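Here are my notes on this one, jotted down as numbered points. Have the model open while you read, and start where I did, with a single side chain.

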Amino acid sequence: MILCTLGTHPAPFDRLVDWVLAARGDEDAIIQHGSTPPRSGVDGVLWRQALPYDELTALMRAADVMVCHAGVGTLMNAISLGVKPVTIPRLRAHGEHVDDHQLEIAGELDRTGRIFSCLDQDHFESALAAARNVDGSREPVGGELRLIAIEAAGGDPELAR
């Protein structure tokens, strides 16, 4: 099962939904779609506008692979659970966010090996395959990981010390 979460930002994120639907084959998926309209007539996909935290956490643990936007809360939660998600940042150029801070967050967390950041559809399926082969280990959301997220999001890491 693929878990896909788009977060709660008010702009739609159709690009990520398109990639997941094209790559999933006949695999079941749960898509937390937020502001992105769900697609009708797609077999094997459960559409949920929002998921309570406990349910989302349980699905992160149970999914064969997780695909998500590059929201810092989603990523910190996944990493702390030992999940290495395939992450597609929302981009300003596509009208998916007001700026490209998610690109910076994803780049930094990918560089440290904590996520698979994917910027184009041509590499999406290989990122999914790589994520399926990860044996996750939990990482506390503190220390270096917290500083990386704060700095990538444009904050001052000195304030977090």
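1. Start with Leu-75, which sits in helix α3. One thing to keep in mind throughout is that this is a predicted model. Leu-75 has a relative accessible area of 0%, so it is buried. Setting aside neighbours up to four places away in sequence, Leu-75 contacts Cys-68, His-69, Ala-70, Pro-85, Thr-87, Ile-105, Leu-109 and Ile-115. Take the last of these: Leu-75 and Ile-115 are 40 residues apart along the chain, yet their C-alpha atoms are separated by 8.2 Å.

2. Now the helix around it. How many of the nine residues of α3 are buried? Seven are, so this helix (residues 72–80) is largely enclosed by the rest of the structure. The buried set consists of Thr-74, Leu-75, Met-76, Asn-77, Ala-78, Ile-79 and Ser-80. After α3 comes Gly-82, with a positive phi near 85°.

3. Helix α2 gives you a nice pair of neighbours to look at. Met-60 lies in α2, and Arg-61 is found in that helix too (residues 53–62). Buried or exposed, what is Met-60? At 2% relative accessibility, Met-60 counts as buried. Arg-61, with a relative accessible area of 52%, is exposed, since the cut-off for that class is over 50%.

4. Met-60 has plenty of company. Beyond its neighbours within four places in sequence, Met-60 is in contact with Leu-3, Met-66, Thr-74, Asn-77, Ala-78, Leu-81 and Val-83. Thr-74, Asn-77 and Ala-78 in that list are also among the buried residues of α3. In C-alpha terms, Met-60 is 9.4 Å from Ile-2, with their positions 58 residues apart in sequence. For Arg-61, the pair to check is Val-83: 22 residues apart in sequence and 7.2 Å apart in space, C-alpha to C-alpha.

5. Over to helix α1. Its buried residues are Arg-15, Leu-16, Val-17, Trp-19 and Val-20. I'd look twice at Arg-15, a charged residue in that buried list. The cover over these residues includes β1, β2, β3, β4 and α5. Following α1 is Gly-25, whose phi is also positive, near 60°.

6. How do α1 and α5 pack? Helix α1 (residues 14–23) meets helix α5 (residues 124–132) at an angle of about 70°, with the axes 10 Å apart. The two helices are therefore roughly perpendicular to each other. On the α1 side the contact uses Trp-19, Val-20 and Ala-23, and on the α5 side Phe-124, Glu-125 and Leu-128. By class, that makes five nonpolar residues, one charged and no polar ones.

7. Val-20 ties the α1 story to the core. Not counting residues up to four places away in sequence, Val-20 touches Ile-2, Cys-4, Ile-31, Val-67 and Phe-124. Which members of the largest nonpolar core touch the most other members? They are Leu-16, Val-20, Ile-31, Val-67, Val-86, Ile-88 and Phe-124, out of 22 residues. The elements giving two or more residues to this core are β1 (2–5), α1, β2 (29–32), β3 (45–48), β4 (65–68) and α5. Apart from it lies another core, of 20 residues, which includes Leu-56, Met-76, Ile-79 and Ile-115.

8. Leu-119 deserves a look as well. Leu-119 is in the loop between β6 (116–117) and α5, and at 49% relative accessibility it counts as partly exposed. Leaving out neighbours within four places in sequence, Leu-119 contacts Arg-15, Trp-19, Pro-89 and Leu-103. Leu-119 and Ala-106 are 13 residues apart in sequence, with 9.7 Å between their C-alpha atoms.

9. Last, the overall picture. The chain has six helices and six strands, running β-α-β-β-α-β-α-β-α-β-α-α from the N terminus. Of its 161 residues, 46% are buried. Among contacts between residues at least 6 apart in sequence, 59% join residues at least 24 apart. The accessible surface comes to about 8,000 Å², and 49% of that belongs to carbon and sulfur atoms.

Terms used. Residues numbered from 1 in each chain as written. Predicted model: local features only at pLDDT ≥ 70, side-chain atom pairs only at ≥ 80, totals over all residues. Heavy atoms only, no water. Axes fitted to C-alpha atoms, helices over the stretch in contact; angles between N-to-C directions. Helix = DSSP H or I, 4+ residues; strand = E, 2+ residues; numbered from the N terminus. Parallel < 35°, antiparallel > 145°, perpendicular 65-115°, else oblique. Contact = heavy atoms within 4.5 Å. Buried < 20%, exposed > 50% of the residue type's maximum accessible area, 1.4 Å probe, protein only. Areas by Shrake-Rupley, 256 points an atom, 1.4 Å probe, with all protein chains shown as cover. Core = buried A, V, L, I, M, F, W, Y, C linked by side-chain atoms within 4.5 Å.
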